[in-house]
Amino acid sequence: MDERQLRILRELGELGSVTAVAEALLVTPSAISQQLRLLQRSIPVPLTEREGRRLVLTDAGQALAGAAIEVETALARARHTVEEFVGRPDGEVSVAAFHSAGAAFFPLLLRAFAGPGHPVLALADEDVAQEDFPRLTREYDVVLAHRLEHAPPWPRAVTATTLLREPLDVAMPADHPLAAKRRVTPGDVADEPWIAVHEGFPVRATIEAIAAAAGRRLHLAHTINEFSVAAEAVAAGGGIALMPRWTTRPHPELVLRPIVEVQARRHIDALHRPERAARRAVRTVLTELRRAARTIQDQDTEGKGDAARGAGLC
């Protein structure tokens, strides 16, 4: 039995005929009769009987119709609870991000949602390979993921909103001979020791593209995923590295130089399962993430960029 069948039985008891029930529910009498037959198959005793030309409820039918009222009441209460959950502006929203995105976006989210009446954030860092980001949407409402610009799109099972298309620059010590150049080529950097990320992470593919453009294998001296750690290693003379232009903090001893002849850009995307966006609080967080992305890019243009130019950082 299902909710619709129970409602038909209840309406039959109140209205007294299949035709009247059909008119009330805006369906055909044959559809009502079919649902009653399906309901009867699941019940071992008769629910209806003929009384002249009318179809009326038996005692068992009346008992089940009474129970149907309780079922409809419980379902209505459940729907109301779900509607409240979906519509709450201050519901909890879990957000996961890889490290550099978390460092850039999390503070802006926390400041935007400080105080009552806003979504309650549950933040987490997740440093995973590119192919594993969609799986995280099972555990989190929103996942900040990154992929290279020419990489395949995310699977259709998730909804993706691109927040930033962020350039990847070559980071080097401020006194490095290449620091005098406004931009570098794969040939310029091919003989340098490199600090690379682990296999499977998006930036690694750009490093491989640089090697292909230069026509020779790069020397990968160190493997470090966390950009702040890699920056310290670059500053200490451990090699050069690719660094995101907007989502990593400027280092006073480093300069960043754009690299030409290769596609050195990554997407930072907000991933979520489509049904998560039914919640008002999740939609609010997605809107704020888009606003935060504009802030991050504007800060680079108006603030970080000016400071970087003054220090030779861009």
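Axes here are lines fitted to C-alpha atoms, for helices over the stretch in contact, and the angles between them run from 0 to 180 degrees between N-to-C directions. With that convention in place, the account below follows a predicted model from a pair of packed helices, through its paired strands, to individual residues in loops and in a helix.

Two packed helices are described by the angle between their axes and the distance between the axes. For helix H2 (residues 18-25) and helix H3 (residues 29-41), the angle is about 105° and the axes are 8 Å apart. Because angles of 65 to 115 degrees count as roughly perpendicular, H2 is described as roughly perpendicular to H3. On the H2 side the contact is formed by Val-18, Val-21, Ala-22 and Leu-25, and on the H3 side by Pro-29, Ile-32, Ser-33 and Leu-36. By character, the residues of this contact divide into 7 nonpolar, 1 polar and no charged.

The loop between H2 and H3 contains Leu-26. Most residues other than glycine have a negative phi. Leu-26, however, has a positive phi, near 60°. Its relative accessibility is 76%, so Leu-26 counts as exposed. A positive phi also occurs at Glu-261, where the value is about 75° although the residue is not a glycine. Glu-261 is placed in the loop between strand E10 (254-257) and E11. With a relative accessible area of 61%, Glu-261 is exposed.

The strand that follows this loop, E11 (residues 265-272), is mostly covered, with 7 of its 8 residues buried. Strand E5 (residues 142-148) runs antiparallel to E11 and is joined to E11 by 6 bridges. Within this pairing, Arg-147 has His-267 in E11 as its bridge partner. E11 also pairs with strand E6 (residues 159-173), again in the antiparallel sense, over 8 bridges. Here Leu-271 in E11 stands opposite Ala-160.

A parallel pairing is found elsewhere in the model: strand E3 (residues 92-97) and strand E4 (residues 120-125) are matched in the parallel sense over 6 bridges. Val-95 has Leu-123 in E4 as its bridge partner. Strand E3 is mostly covered, since 5 of its 6 residues are buried.

Which residues does Arg-279 touch, not counting residues up to four places away in sequence? They are Phe-85, Val-86, Gly-91, Glu-92, Val-93 and Asp-141. Arg-279 itself lies in the loop between E11 and helix H10 (280-310). A residue is buried under 20% relative accessible area, and Arg-279, at 8% relative accessibility, therefore counts as buried. Its side chain reaches the backbone oxygen of Glu-92 at 2.7 Å.

Thr-137 occupies the loop between helix H6 (133-136) and E5. At 0% relative accessibility, Thr-137 counts as buried. A polar atom of the Thr-137 side chain lies 2.5 Å from the backbone oxygen of Pro-134. The side chain of Thr-137 also makes a polar contact with the side chain of Arg-273, at 3.3 Å. When residues up to four places away in sequence are not counted, Thr-137 touches Val-143, Val-158, Leu-271, His-272, Arg-273 and Arg-276. One of these, Leu-271, is the residue of E11 that stands opposite Ala-160.

Helix H10 includes Ala-293. Its relative accessible area of 2% means that Ala-293 is buried. Leaving aside neighbours within four places in sequence, Ala-293 is in contact with Phe-105, Leu-163 and Leu-164. Ala-293 and Thr-247 are 46 residues apart in sequence, and their C-alpha atoms are 9.8 Å apart in space.

The last residue considered is His-176, in the loop between E6 and helix H7 (186-189). Is His-176 buried or exposed? Its relative accessibility is 14%, so His-176 counts as buried. Apart from neighbours within four places in sequence, His-176 is in contact with Glu-192 and Ile-240. With Glu-192 there is a polar contact between the two side chains, at 3.1 Å. His-176 can also be set against His-267, the bridge partner of Arg-147: these two histidines are 91 residues apart along the chain, and their C-alpha atoms are separated by 29 Å.

Technical notes. Residues are numbered from 1 along each chain as its sequence is written. This is a predicted model: local features need pLDDT of at least 70, side-chain atom pairs count only at pLDDT 80 or more; totals for chains, interfaces and linings use all residues. Side-chain values use heavy atoms; hydrogens and water are left out. Helices (H or I, at least four residues) and strands (E, at least two) are DSSP runs, numbered from the N terminus. Angles under 35 degrees count as roughly parallel, over 145 as roughly antiparallel, 65 to 115 as roughly perpendicular and the rest as oblique. Contact means heavy atoms within 4.5 Å. Ala, Val, Leu, Ile, Met, Phe, Trp, Tyr, Cys and Pro count as nonpolar, Asp, Glu, Lys and Arg as charged, and the others, Gly among them, as polar. Buried means under 20% relative accessible area, exposed over 50%, partly exposed in between (1.4 Å probe, protein chains only). Two strands pair if DSSP finds at least two bridges between them. A polar contact is a pair of N or O atoms within 3.5 Å; within protein, one must be able to donate a hydrogen and the other to accept it, and residues adjacent in sequence count only if both atoms are side-chain atoms.
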